[in-house]
Amino acid sequence: MLNTAVIMGRLTFDPELRTTPSGVSLCRFTVACDRNYARQGEERKTDFIDVTAWRQTAEFVSRYFHKGSMIAVEGSIQVENYTDKDGNKRKDVRVVANNVSFCGSKSESNTGSNTQYSQPQASYASASGSDFEEIVDDDDDLPF
């Protein structure tokens, strides 16, 4: 089975770090991702994708990202079916983050380097000196 999701976009609000009763760090945030296409005569639509990060990844996101920050998230999709307080059946679809990375410019991220955080290894990796070019994204039409 394969369940992998990779998204890149901007945070719609400041992530807030919470802790479960058992002491595990949790951070939820929403990423605004523009669609790759637009119908003729229409504006490009944006999807708002809910993401949950756990443990060290949650702490990393809450410390270094804020509303408007460009972020790349690799993880898996989880779907929860539930019944709300009014008896309506609902479905919650979200990405559970395994890896998160900065995608903006150095001045935008305020860190001085392109940094990635991976949950399983619990380590930071610098992309400087690699064969990759910095992505410059001009998002003057953001909804936030």
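**Exercise 1.** Which residues do ring pairs link into a cluster? Work through the pairs that involve Phe60 in this predicted model.

*Solution.* Begin with the whole structure, where a search finds five aromatic pairs. One of them joins Phe60 and Tyr64, whose rings lie 5.3 Å centre to centre with 50° between the planes, and this pair is tilted. Next, place the two residues: both belong to helix α1, four residues apart, which is about one turn of the helix. Phe60 also pairs with Phe65, this time edge-to-face, at 6.0 Å centre to centre and 70° between the planes. Finally, put the links together: the cluster formed by ring pairs holds Phe60, Tyr64, Phe65 and Phe102.

**Exercise 2.** Decide whether Phe60 and Tyr64 are buried or partly exposed.

*Solution.* Buried means under 20% relative accessible area. Phe60 has a value of 3% and is therefore buried, whereas Tyr64, at 32%, is partly exposed. Phe65 is buried, as Phe60 is.

**Exercise 3.** Describe the largest nonpolar core, and find what Val73 touches there and elsewhere.

*Solution.* The core has 19 residues, and those that touch the most other members are Phe29, Val31, Val51, Phe65, Ile71, Val73 and Val100. At least two core residues come from each of β1, β3, β4, α1, β5 and β6. Leaving aside residues up to four places away in sequence, Val73 touches several residues, among them Ala5, Ile7, Phe29, Val51 and Val100.

**Exercise 4.** Identify the residues that make a nonpolar surface patch of about 230 Å².

*Solution.* The patch is made by Ile77, Val79 and Val93. Of these, Val79 sits in strand β5 and is partly exposed, with a relative accessible area of 42%.

Conventions: Residues are numbered from 1 along each chain as its sequence is written. This is a predicted model: local features need pLDDT of at least 70, side-chain atom pairs count only at pLDDT 80 or more; totals for chains, interfaces and linings use all residues. Side-chain values use heavy atoms; hydrogens and water are left out. A nonpolar core is a set of buried Ala, Val, Leu, Ile, Met, Phe, Trp, Tyr and Cys residues joined through side-chain atoms within 4.5 Å. Buried means under 20% relative accessible area, exposed over 50%, partly exposed in between (1.4 Å probe, protein chains only). Contact means heavy atoms within 4.5 Å. Patches are made of residues with over 30% relative accessible area and no salt bridge: like charges are joined within 9 Å, nonpolar side chains (Val, Leu, Ile, Met, Phe, Trp, Tyr) within 5 Å. Accessible areas come from the Shrake-Rupley method with a 1.4 Å probe; for residues, only the protein chains shown count as cover. A salt bridge is a side-chain nitrogen of Lys or Arg within 4 Å of a carboxyl oxygen of Asp or Glu. Rings of Phe, Tyr and Trp (its six-membered ring) pair if their centres lie within 6.5 Å; planes under 30 degrees apart count as stacked, over 60 as edge-to-face and the rest as tilted.
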